[in-house]
There are 2 protein chains.
Amino acid sequence: MKSVESIATAARAASYELASSSGAKREACLFAMAAAIRAHSPGILAANQLDLRAAQASGTAGHMLDRLALDEKRVEVMATALVEVAGLPDPIGRIDSMWTRPNGLRVGRRRIPLGVIGIIYEARPNVTSDAAALCVKSGNAVVLKGGSEALHSNQAIAMALQEGLAQGGLPAEVVGFIDSSERSAVNEMLVLDEQIDVIIPRGGEGLIRFVSEHAKMPVIKHYKGVCHVYVDASAELEMATNILVNAKVQRPSVCNAAETLLVHRDAATLLAPIAEALIEHGVTLHVCPRSHALLANHAYCVEATESDWGQEYLSLDLSVKIVDSMDEAIAHIRRYGSLHTEAIVTNDYRRAERFLERVDSSTVLVNASTRFADGGELGLGAEIGISTTKLHAFGPMGLDELTTTKFVVYGNGQVRS
Amino acid sequence: MKSVESIATAARAASYELASSSGAKREACLFAMAAAIRAHSPGILAANQLDLRAAQASGTAGHMLDRLALDEKRVEVMATALVEVAGLPDPIGRIDSMWTRPNGLRVGRRRIPLGVIGIIYEARPNVTSDAAALCVKSGNAVVLKGGSEALHSNQAIAMALQEGLAQGGLPAEVVGFIDSSERSAVNEMLVLDEQIDVIIPRGGEGLIRFVSEHAKMPVIKHYKGVCHVYVDASAELEMATNILVNAKVQRPSVCNAAETLLVHRDAATLLAPIAEALIEHGVTLHVCPRSHALLANHAYCVEATESDWGQEYLSLDLSVKIVDSMDEAIAHIRRYGSLHTEAIVTNDYRRAERFLERVDSSTVLVNASTRFADGGELGLGAEIGISTTKLHAFGPMGLDELTTTKFVVYGNGQVRS
């Protein structure tokens, strides 16, 4: 077993060749990686069986087993994703803008890879393949550290990816894989700031806090998504209901699902029918006293406590509050939100614009579901994660967010006076 | 004296009003701040006398006294800088791009301030005013912590700026000033990650390392500038000489001054005349054995040791090495450089492009002096600092680098299927 440091050092060395490779070569590698995943499908599934049996033996919960499990279809989805990423526009080498200075210097900002990206993740083995695809496409080497419960699956996937890279003509070390189930491997990774430029942790809040506290390099992260839908005075009932049901019910376990409904007092008559629709979908409402008084059906209502505001339920629960004004809604979001995603339902032009301007979150929507806060849905082509801190990237991150720019300057002998 | 936490908390509260203020209001405030600096010039100069007398009494070196000293002209330069920053294009609210999704959602990336920026700096009192100007223009509140040696000067400047803000109609708390000469105030600041979004340290390497190690929030930094000039085989003598003299001699104490000269062996005949010109300007050369053999005048040459490569002299010293190839030059830069700024002197088109592509530094120049690695010189309008880490910003940082973008989404009832 190679040491974490030797894997990261090899990734750093390989990153230079990768960074100056042509887009065509990176594309060819991604095709070869997809082919290798398909060719090694039986081996990947066999490795996955080892992980599944161990997980069953240790009494892992059913929904965790489902996240871990692979079948032929899921392996094919991984291969298809590699092909799709291969076809995205190449960000590397792009000159975002260029201008000429009075002294004749031509100054451009040229897009370059970040270098080496560390990904620390839990559960789903497809992250191994998806994250590697985005890194290779954007010219970055990657060091992958998956969860111990998926070690054999991740290992088999990583080996196939490395084989594809070599076939495509890039060093296999471009995709570094930490072949260890030890937690200490994470700690070893987090001090390698000479080798790894940035860490992206993907997993529960505990993992993310641990990584943020111990990493010597920058970390791109989001802790949680406490997304609000604000139903303004001028909202239409049908639209508000559709958006609320979609935002809460379609997939409650994800970070862009709604967790709180705020209703302007002048739209209070909308609350009862919206609540009925949500309750029909099995939602439990955690309501403020004014909301409680407006609702007839109290079987699925509980009184909200202070801890309900700011709660990321990730379940069929929704906190509900009547507010006296849009500014009260904005202040509530500022106090209890997570800078992730908020939506307003309104037909008032000026208030829509004010909400878009004043709400500080990474995605702010008018008359659309919070579930659109996703790189693919917003049109980034792909998503490596979502950042709720403002530095480097804010919101869903695509290929561009895995790059930076350097200044390139074309002169003809200029000196500074 | 207010606590550090109360100053930062007040800055955070004020930042919301600032962030949604109009560009016209921020511009008016900057004009009022300039007027207040001019009006309080006598008080600022009197405060500066207190600092100067204390510094003289404690035996501060002459060049440090010069950095600390203000006179009417220097105060006027501060006021002029405020007016100039007021006139720069407003980055806030700018939609960098907008597109429509197949489902009709219109998605835009809207530029917003980072929030609250902490600046920790040493020496020159004008940083108080210059940093505040850039933060206010870009819609950011700022928390300033200057060096203890300039406490009275910084205090007088900050009070004038706050008076101008209030006159212009924004909260004075937008410019927070930590009124303490205690080192512990820095530590208090570095844990306030709820209040301060990013820290920019400006000063010596010791300060920057201390801040990086202890800050709970992201830090934008550069440790040092070890800038290389590579004279390629096809370089012209006159251009190479002019660039080297400018890069080394014009202002040796700054981070974008050249520290190492690399010469292709096929341009070895250029070394002697370039060295003569540098020696004439008082430069001491730290030379490799091959360079030594090429130089006749050894009075200003010393033999380079391993520690000369990678040395940031900040003085009239230059390390010199003959290389066998451009790739050897690039490998040398990769090993000993600081990702700051490198220049090639060449007349070979393909090699110029290869250098621009392969050199990983934040500014890479062809046929121009390294001294152009500066926000003003590159056309950013102003500069808050230079980043040599790739996250968020890489290279000279202007107003745009004090902002981020959020996604704004215009829908008409879309839900995710």
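These exercises, each with a worked solution, concern a predicted model of two chains.

**Exercise 1. Find the symmetry that relates chain A to chain B, and the residue of chain A that comes closest to the axis.**

Solution.
- Step 1. Superpose the chains. A rotation of 180° places chain A on chain B, with an RMSD of 0.0 Å. The shift along the axis is 0.0 Å.
- Step 2. Name the relation. The two copies are thus related as by a two-fold rotation axis.
- Step 3. Look along the axis. In chain A, the residue that comes closest is A:His392, with its C-alpha at 1.8 Å.

**Exercise 2. Describe how chain A is divided into domains.**

Solution.
- Step 1. Read the bounds. Domain 1 of chain A takes residues 4–221 plus 401–409. Domain 2 of chain A covers 227–378.
- Step 2. Place the two domains. Their centres, taken over C-alpha atoms, are 35 Å apart in chain A.

**Exercise 3. Work out what chain A brings to its contact with chain B.**

Solution.
- Step 1. Count the residues. Chain A gives 50 residues and chain B gives 50.
- Step 2. Assign them to elements. On the side of chain A, α10 (237–249), α14 (349–358), β13 (363–368), α15 (375–378) and β16 each supply at least two residues.
- Step 3. Pick the main contributor. β16(A) gives the largest share, 11 residues.
- Step 4. Sort by class. The side of chain A that touches chain B has 22 nonpolar, 19 polar and 9 charged residues.
- Step 5. Compare the two sides. Of the interface residues of chain A, 100% are also interface residues in chain B, so the copies meet through the same surface.

**Exercise 4. Trace the open sheet that has β1(A) and β10(B) as its edge strands.**

Solution.
- Step 1. Write the order. The 10 strands run β1(A)-β2(A)-β16(A)-β13(B)-β12(B)-β7(B)-β8(B)-β11(B)-β9(B)-β10(B). The pairing is mixed.
- Step 2. Check the edges. β1 (95–100) of chain A and β10 (301–303) of chain B each pair on one side only.
- Step 3. Gauge the twist. Neighbouring strands are turned by 25° against each other on average, direction ignored.
- Step 4. Zoom in on one pair. β12 (341–345) and β13 (363–368) of chain B run parallel, joined by 4 bridges. B:Glu342 stands opposite B:Val364 in β13(B).
- Step 5. Add the helices. α14 (349–358) of chain B packs on the sheet and touches β16 of chain A as well as β12 and β13 of chain B. The direction of α14 of chain B makes about 160° with that of β13(B). Helix α10 (237–249) of chain B lies across β16 (403–414) of chain A and across β7, β8, β11, β12 and β13 of chain B. α10 of chain B runs at about 160° to β12(B).

**Exercise 5. Trace the open sheet that starts at β10(A) and ends at β1(B).**

Solution.
- Step 1. Write the order. It is β10(A)-β9(A)-β11(A)-β8(A)-β7(A)-β12(A)-β13(A)-β16(B)-β2(B)-β1(B).
- Step 2. Explain the edges. β10 (301–303) of chain A and β1 (95–100) of chain B each have a single partner strand, so one side of each is left without a neighbour in the sheet.
- Step 3. Cross between chains. β13(A) pairs with β16 (403–414) of chain B in the parallel sense, over 5 bridges. The bridge partner of A:Leu365 in β16(B) is B:Val409.
- Step 4. Go to the β1(B) end. β1(B) and β2 (106–113) of chain B pair in the antiparallel sense over 5 bridges. B:Ile95 stands opposite B:Arg110 in β2(B).
- Step 5. Add a helix. α14(A) packs on the sheet, touching β12 and β13 of chain A together with β16 of chain B.

**Exercise 6. Describe the packing of α10(B) and α11(B).**

Solution.
- Step 1. Choose the descriptors. Two packed helices are described by the angle between their axes and the distance between the axes.
- Step 2. Apply them. The axes of α10(B) and α11 (268–280) of chain B come within 10 Å and cross at roughly 35°. The crossing is right-handed.
- Step 3. List contacts. Among the residues that meet, α10(B) offers B:Leu237, B:Leu244 and B:Lys248, and α11(B) offers B:Leu270 and B:Ile274.
- Step 4. Sort by class. This contact has 9 nonpolar, 1 polar and 1 charged residues.

Note on methods. Residues numbered from 1 in each chain as written. Chains lettered and ligands numbered in written order. Predicted model: local features only at pLDDT ≥ 70, side-chain atom pairs only at ≥ 80, totals over all residues. Least-squares fit on C-alpha atoms with pLDDT ≥ 70 in both. Contact = placed C-beta atoms within 7 Å. Domains from an automatic or database assignment. Pairing = 2+ DSSP bridges. Axes fitted to C-alpha atoms, helices over the stretch in contact; angles between N-to-C directions. Nonpolar A, V, L, I, M, F, W, Y, C, P; charged D, E, K, R; others polar. Left-handed = near helix turned anticlockwise from the far one by under 90°.
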